[in-house]
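Trainee: Could you walk me through how the labels in this model are earned?

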Amino acid sequence: MPSADNPGDDKKLRELLHLTVPAHFEAVASAADAIAETLCRLEVPEQKRLEIGLAVQEALVNAVVHGCGNDPSKNVTCQMQSDGHGRIIIVVSDPGPGFNSVSIPDPKRKENLHSDHGRGVHLIRQLMDEVTFERRGSEIRMWKY
Amino acid sequence: MDINVRRRSQVQVIQLRGQVRMGPGVDSLQKAIEEALANGDTRLVIDLTEVPMIDSSAIGILVRFLASAKRNGGSLKLVQPCKFVVQTLRLVGLLNLFEVYDAETAAVESFS
């Protein structure tokens, strides 16, 4: 069960940003920029900002492409919060049916290395400290400690 | 993202500035490379000196066109990716796939 020291404990979270944007690449790029600006204002170190920024970008693009089917009449939401220990959680959700996050092929395997897609979730998992999928995969929760 | 395409010693140099990510940025990069290949220019240099970040869609474009260029007797080489772009390429296991140069001149001359 979540505890005060557990990143899963949402009760202690402070909301930093909550955005709802159309499922369009330029709109989600603006959302990613807003996240980056907020992190900058919070004086989060540059390396951490870059890692969070890229992970958020990947999550938002996945939400647009897979969650919304590139339909700009649908919306993607992005929420950033922090806990009392300065850890950041970002939640990206879409109205799609979700996906099985376990079934994603490893892009570093030899047979996938030359593919022109399929690296987004792998990158998110590498860049963030804890990543979980909720609502059958239509919501991704990403922690950076 | 800004893009500048020029020809230098039979090599097509594509200079990028800003974040390269899904949307207009990646579309511009794809179009520039496709035009070069359509014109028979298979020697490509992508100057990343002023690029702080590339996303997985940009990486996909680079991988796809590296293969196309090589199939047609050329290559696609990278110039001065920043530490974070190098880290990103390493995380997806692709850093060793590309020839990486510290300067545009060195990348261009490597084709001769």
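Mentor: Happily, starting with two helices of chain B: Val26(B), Leu29(B), Gln30(B), Ile33(B) and Leu37(B) in H1(B) meet Ser57(B), Ala58(B), Ile61(B), Phe65(B), Ser68(B) and Ala69(B) in H2(B). The model is predicted, with local features needing pLDDT of at least 70, side-chain atom pairs counting only at pLDDT 80 or more, and totals for chains, interfaces and linings using all residues. Residues are numbered from 1 along each chain as its sequence is written, while chains are lettered from A and ligands numbered from 1 in the order in which they are written.

Trainee: What makes two residues a contact, and what makes a run a helix?

Mentor: Contact means C-beta atoms, placed from the backbone, within 7 Å. Helices are DSSP runs (H or I, at least four residues), as are strands (E, at least two), numbered from the N terminus.

Trainee: Why is H1(B) called roughly parallel to H2(B)?

Mentor: They pack at an angle of about 5°, with axes 10 Å apart. Angles run from 0 to 180 degrees between N-to-C directions, and axes are lines fitted to C-alpha atoms, for helices over the stretch in contact. Roughly parallel requires an angle under 35 degrees, so H1(B) and H2(B) are roughly parallel.

Trainee: How do you know that E4(B) and E5(B) pair?

Mentor: Pairing needs at least two bridges found by DSSP. Strand E4 (residues 75–79) and E5 of chain B have 2 bridges, in the parallel sense, so they pair. Leu78(B) stands opposite Val100(B) in E5(B).

Technical notes: Angles under 35 degrees count as roughly parallel, over 145 as roughly antiparallel, 65 to 115 as roughly perpendicular and the rest as oblique.
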